[in-house]
Amino acid sequence: MSGFFSTSIEYMKGVGPQKADLLKKELRLFTYGDLIQHYPFRYEDRTRFYRISEVNEQMPYVQLKGRIRTMEMVGDGRKKRLVAYFNDGSGEIELVWFQAAAWTAKKLRPGTDYVAFGKPNKFGNKFSIAHPELEALTAFDGQGGGLQPVYHTTEKLKRKFLDSKAVSKLQEQLLALAASYINETLPQDITDRFKLISKKEALMHIHFPQSHEWLQKALFRLKFEELFYIQLRLLKMKLGRTEKFKGQVLDKPELLTRFYKKHLPFELTNAQKRVIKEIYADVRSGRQMNRLLQGDVGSGKTMVAFISMLLAIGSGAQAAMMAPTEILASQHYEGLSEYAKKLGLTIALLTGSTKKKERRQIHEALLSGHLNILTGTHALLEDPVQFNNLGLAVIDEQHRFGVAQRARLWHKNKQFPPHILVMTATPIPRTLAMTLYGDLDVSVIDELPAGRKPIQTVHRFDSNRLRVFGFMKEQIAAGRQVYVVYPLIEESEKLDLKDLTDGYESICRAFPQPEYQVSIVHGRQKPEEKEFEMQRFIKKQTHIMVATTVIEVGVNVPNASVMVIENAERFGLAQLHQLRGRVGRGADQSYCILMTDFKLSKEAKIRINTMVRTNNGFEIADMDLKLRGPGDITGTQQSGITDLLISDLSRDSKILQIARDAAQALLDKDPNLSDPENASIKRQIESQTKDILNWSRIS
Ligand code: ADP
Ligand code: MG
């Protein structure tokens, strides 16, 4: 944007230093440029009048034309209100004022034609509008018609008279001033090809659309531009990185072949084979690998990780695998040890609770190169952990790790940054993955090992608990094990702990010793305690594992075939799916039972029904995105990317795809953007790269 748009907002007529200050604090609007990009978040449709008989609860706003038949004061004290009965011949609706009721009553003229505007509510079988906008029809010259922008403001701003209407006035003023300064920001062949309206038209119509059609055009143009530049930056970064970061060449597959021939415990799925090929191509290329491996729970990512490690070790390097919890890390350790032993490889586990002496031994073995594989938690990242030659770092369940932590892995090899394999079981919808990991290579395991029976999921009310217990007993009698999971939300940790211990006690009562053995695991336990209880369950010494969500990630006990989730309505979809993924790991039919109270919110119902309907992680992730929006799913770690001004990743996947293709095509033709035609694009990118550079280099 030109100098005009960096003008401070306080120089606008009607703003001044005080209001400018507030706009900065409340909405982070500093300049003309910020203001013009403060787009309406919705529009009130004043293009048509509705008949009162048409009004229904789903309508966000209605515009009506009619007369006040009569009015009255109703109630007293604090509940005192003015009710006007508004009639248009087709029906009647109540207009209600709680505030300034007496003052309003004096102004209203029954028998006059009015235009009323507001949100209809239903009480019993009557509709009403609280605090409608009301204007005499004669004064209503059609000026106010059309699509009216509604802007986000805050209570503080409203108190200083900066409500949506006032912001709209500012926008009107600004657009008049700005008209001659708005430059086109996309090259002509792109605007031509995608039939995009100009930047200037788009800004005009996004604030004051002349019609629905113009609004659609403005939205498309601005979303395209936003997503195009994000994709272009990400793709360009990826291009730059592949050139810049050399990687260690891991091209000796002998160890891997030996493992395949002699020790592979099962046939790999085709998806696993494909992904391993992709990884092999990366690590032997001489460039650093940065790959995201997505695979639903139980799809066999660990084996892929191990096989990739063999490529590193076989080529004279070391491998590391980092997991977000101690339980998970030690489970990886146990699992990988079994294979490593067969090949005569050395492996160690490093976590926060590793004893000092052992820790020192690990440090030494790492540095000398005697240790082939190190598994562990973020303890891996600590400075004293120095490798002889780290060739591959695997990060499991990556969404649990922060960016800064991942960055430190890069520095564990001074000569070449290690190849990075990030594994996640949280299926990320394609649209989101494209944006968040647009600069990473993505592999997907889209197939479960053969012989798995789909998990059966049912919803049961708390009142049916006895029957659920009965079912658990049947399963235990058949030799299976059962998880019972309670939610744990930090704010109410104490309360939840009580839920958990109450639940534990009632289960111990219903499943008495010595016939039944019950384990319990939660976040308040010491690591040794947790580990002890976990091990009892893994070794089949206990039948039931009562736990909080600490078992959510990665835990693998194939004989456990029933997952009971208490207060299921309190879990998000992604979490429910993760939890369910703890069963269905062996050959037996598995079950997931979602327990809830009778009373459920609409969203909770959707979540539960989605879980009952499908086992497909990607379908669940899409629904999750729809319900929660992208910000929530990614957390704060990737901020900068999901702070979109206008696009909505859960809705704009088509535009995203188009924009990404356009960006890719442009880079194919002109990788360095050195063509004079693309000079403006290049400038645009360079001015905005710093935010995302940080995380995307190290993901
Ligand atoms: P996740 O992708 O959730 O990390 P795991 O790697 O823990 O899944 O694998 C789940 C289970 O499936 C493990 O018990 C593992 O040994 C088994 N498994 C992995 N790949 C295969 C395969 N190709 N055939 C049969 N079982 C497999
Ligand atoms: Mg796993």
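What follows is a short walk through two sheets, a helix crossing and an aromatic pair in a predicted model.

Start with the seven-stranded sheet. This sheet is open, its strands pair in parallel, and their order reads 12-13-11-14-15-10-16. At the edges sit strand 12 (347-350) and strand 16 (441-445); each has a single partner strand, so one side of each is left without a neighbour in the sheet. Going from one strand to the next, the twist averages 20 degrees. Further in, strand 11 (residues 318-322) and strand 14 (residues 390-396) run parallel and are joined by five bridges. Here Ala319 stands opposite Leu392 of strand 14. Helix 10 (residues 270-283) packs on this sheet, where it touches strand 10 (290-295), strand 15 (419-424) and strand 16. The direction of helix 10 makes about 160 degrees with that of strand 16.

Then there is an open sheet of six strands, again with parallel pairing, in the order 17-22-21-18-20-19. Its edges are taken by strand 17 (456-461) and strand 19 (518-521), each of which pairs on one side only. The twist from one strand to the next averages 20 degrees here. Strand 17 runs parallel to strand 22 (residues 591-596), and six bridges hold the two together. Within this pairing, His459 is found opposite Leu594 of strand 22. Helix 16 (residues 465-477) lies across a run of strands: strand 17, strand 18 (481-485), strand 20 (544-547), strand 21 (560-565) and strand 22. Relative to strand 22, helix 16 runs at about 160 degrees.

Two helices also meet. Helix 12 (residues 326-343) and helix 18 (residues 527-538) have axes that come within 10 Å and cross at roughly 50 degrees. An angle between 35 and 65 degrees is neither roughly parallel nor roughly perpendicular, and helix 12 and helix 18 are therefore oblique to each other. Their crossing is right-handed. On the helix 12 side, the contact is made by Glu326, Ile327, Ser330 and Gln331, while helix 18 brings in Pro527, Lys530, Glu531, Met534 and Ile538. Sorted by class, that contact has four nonpolar, two polar and three charged residues.

Finally, the aromatic rings. Searching the whole structure turns up 16 aromatic pairs. One of them is formed by Phe4 and Tyr32, whose ring centres are 5.1 Å apart. The planes of these rings stand at 65 degrees, so the pair is edge-to-face. This pair links distant parts of the chain, 28 residues apart: Phe4 belongs to the segment before helix 1 (16-27), and Tyr32 to helix 2 (residues 32-36).

Conventions
Residues are numbered from 1 along each chain as its sequence is written. Chains are lettered from A and ligands numbered from 1 in the order in which they are written. This is a predicted model: local features need pLDDT of at least 70, side-chain atom pairs count only at pLDDT 80 or more; totals for chains, interfaces and linings use all residues. Side-chain values use heavy atoms; hydrogens and water are left out. Two strands pair if DSSP finds at least two bridges between them. Helices (H or I, at least four residues) and strands (E, at least two) are DSSP runs, numbered from the N terminus. Axes are lines fitted to C-alpha atoms, for helices over the stretch in contact, and angles run from 0 to 180 degrees between N-to-C directions. Contact means heavy atoms within 4.5 Å. Angles under 35 degrees count as roughly parallel, over 145 as roughly antiparallel, 65 to 115 as roughly perpendicular and the rest as oblique. A crossing is left-handed if the near helix is turned anticlockwise from the far one by less than a right angle, and right-handed if clockwise. Ala, Val, Leu, Ile, Met, Phe, Trp, Tyr, Cys and Pro count as nonpolar, Asp, Glu, Lys and Arg as charged, and the others, Gly among them, as polar. Rings of Phe, Tyr and Trp (its six-membered ring) pair if their centres lie within 6.5 Å; planes under 30 degrees apart count as stacked, over 60 as edge-to-face and the rest as tilted.
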